Amino acid sequence: MALAFSLGARGQGQCWPNPAVGCVLVKDKRIVGRGWTQPGGRPHAEVVALQQAGEQARGATAYVSLEPCAHHGKTPPCADALIDAGVARVVSAIEDPDPRVAGTGHKRLHDAGIVVETGVMAKQAAVSHRGFFLNRVEGRPALTLKLATSFDGRIATATGESQWITGPEARRVVHAMRARHDAVLVGGGTARADDPMLTVRGMGAGHQPVRVVCSRRLDLPLDGKLAQSASEIPLWLCHGENVTDATRAAWEATGARLIQVQIGPGGQLEPLSLLQALGEAGLTRVFCEGGGALAASFLMAGLVEELVGFTAGVALGAEGYPGIGAMGIDTLGEAPRFTLVETREIGGDVLHRWERA
């Protein structure tokens with residue numbers, strides 16, 4: 001099952017709105033087939049593994065990181081494919097909460113005389129498929145918040161200089177993280193200040209995540225890198241209702257997709273409404289890279305599932321720009337808490353990863 005999870009991770013960022021599933025077929029203590037969800041969401045992991053195994057699938061055990069699907073979508077049900085192939089046993093990590101499946105895949109396999117075991121490495125499955133589960137149950141993707149800061153939590157000097165606080169090794173890891181998410185998200189202030197591309201670079205990646213920018217008034221530079229590349233690399237712009245027709249038309253002409261989002265009490269885009277709009281569009285995993293006000297809004301709304309920090313051994317002082325904006329916290333009990341799950345040295349910087357407590 002651990003191998004199934006490892007295989008499934010290869011599809012992360014490329015198979016949304018489908019889950020990134022892995023499947024391993026074993027017969028006579030030998031692996032005869034391996035598969036993971038392919039780009040675009042199909043073929044599914046089980047089908048890839050069965051095709052590789054061929055006749056060796058008959059009598060084999062299938063280890064699958066998520067309950068095999070039991071509904072007809074763009075492809076036939078994986079439960080039926082396993083039955084038709086003559087698999088003798090299916091070991092599944094966790095039940096699929098999608099209402100179209102929700103136990104029916106396991107039942108169909110059992111009714112066909114296949115031995116079904118569930119709950120193997122279920123905790124890891126809940127983490128691995130967290131974005132897909134949140135999308136199906138709450139209608140929103142899982143949000144990872146990444147911050148690259150100085151030792152004292154600053155993302156830029158008082159003059160706005162930010163390139164580069166962390167080293168090249170850390171930046172390469174960030175690109176790998178981008179590649180494993182469906183989308184990269186930033187606020188309008190970051191887009192205006194940095195003129196970023198928000199792409200995966202230096203990894204030999206042919207696939208690019210969706211680039212999402214939150215800008216209430218769509219007051220972004222039409223001559224910037226994002227606008228110039230919108231026809232080639234997906235660019236989604238989340239905005240409020242008070243945007244002129246001319247501004248909408250100008251951005252649509254670049255090839256960008258416009259998504260209107262509710263405005264919250266503070267006059268900014270309402271964070272839950274924003275994520276639900278992205279979830280409705282099919283996203284399951286979103287990698288947020290700031291800025292400070294956007295990070296604060298997600299944290300205060302309790303919508304950050306994972307924190308990823310890259311901390312450099314440099315101090316910029318109180319006059320520098322903070323990594324997280326004002327949150328209106330008066331007592332420690334009001335502060336959102338996270339649990340440390342990993343620390344690593346990356347070049348000359350420290351990576352620390354936290355999950356919501």
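Reader: What makes the lining of the second largest pocket divide into nonpolar, polar and charged residues?

Author: The lining splits into 12 nonpolar, 7 polar and 9 charged residues. Ala, Val, Leu, Ile, Met, Phe, Trp, Tyr, Cys and Pro count as nonpolar, Asp, Glu, Lys and Arg as charged, and the others, Gly among them, as polar. One caveat up front: this is a predicted model, where local features need pLDDT of at least 70 and side-chain atom pairs pLDDT 80 or more, while totals for chains, interfaces and linings use all residues. Residues are numbered from 1 along each chain as its sequence is written, and side-chain values use heavy atoms, leaving out hydrogens and water.

Reader: What is called a pocket here, and what volume does the second largest one have?

Author: About 600 Å³. Of its 28 lining residues, the closest to the centre are Gln12, Arg180, Arg285, Glu306 and Arg353. On a 1 Å grid over the protein atoms alone, a pocket is an open set of points where a 1.4 Å probe fits, with protein on both sides within 12 Å along at least five of seven lines; lining residues have an atom within 4 Å of a point. Points are joined across faces, edges and corners, and the volume is the space filled by probe spheres set on them.

Reader: How do you know where this pocket lies relative to domain 1 and domain 2?

Author: Domain 1 (1-128) and domain 2 (139-356) both give residues to the lining, so the pocket lies between them. Those bounds come from an automatic or database domain assignment.

Reader: Is arginine 178 buried or exposed, and how do you know?

Author: Its relative accessible area is 8%. Buried means under 20%, exposed over 50%, partly exposed in between (1.4 Å probe, protein chains only). So arginine 178 is buried. Its place is in helix 7; helices (H or I, at least four residues) and strands (E, at least two) are DSSP runs numbered from the N terminus.

Reader: What is arginine 178 in contact with?

Author: Beyond four places in sequence, its partners include Leu198, Arg201 and Glu289, where contact means heavy atoms within 4.5 Å. UniProt's unreviewed entry lists Ser162, Arg178, Leu198, Arg201 and Glu289 for "binding site". Its positions use the numbering here, feature names are shortened, and annotations may be inferred rather than shown by experiment.

Reader: And what makes alanine 230 buried or exposed?

Author: Buried: its relative accessible area is 5%. Alanine 230 sits in the loop between helix 9 (225-229) and strand 10 (235-239), and touches Arg211, Leu235, Thr254, Gly255 and Ala256, not counting residues up to four places away.
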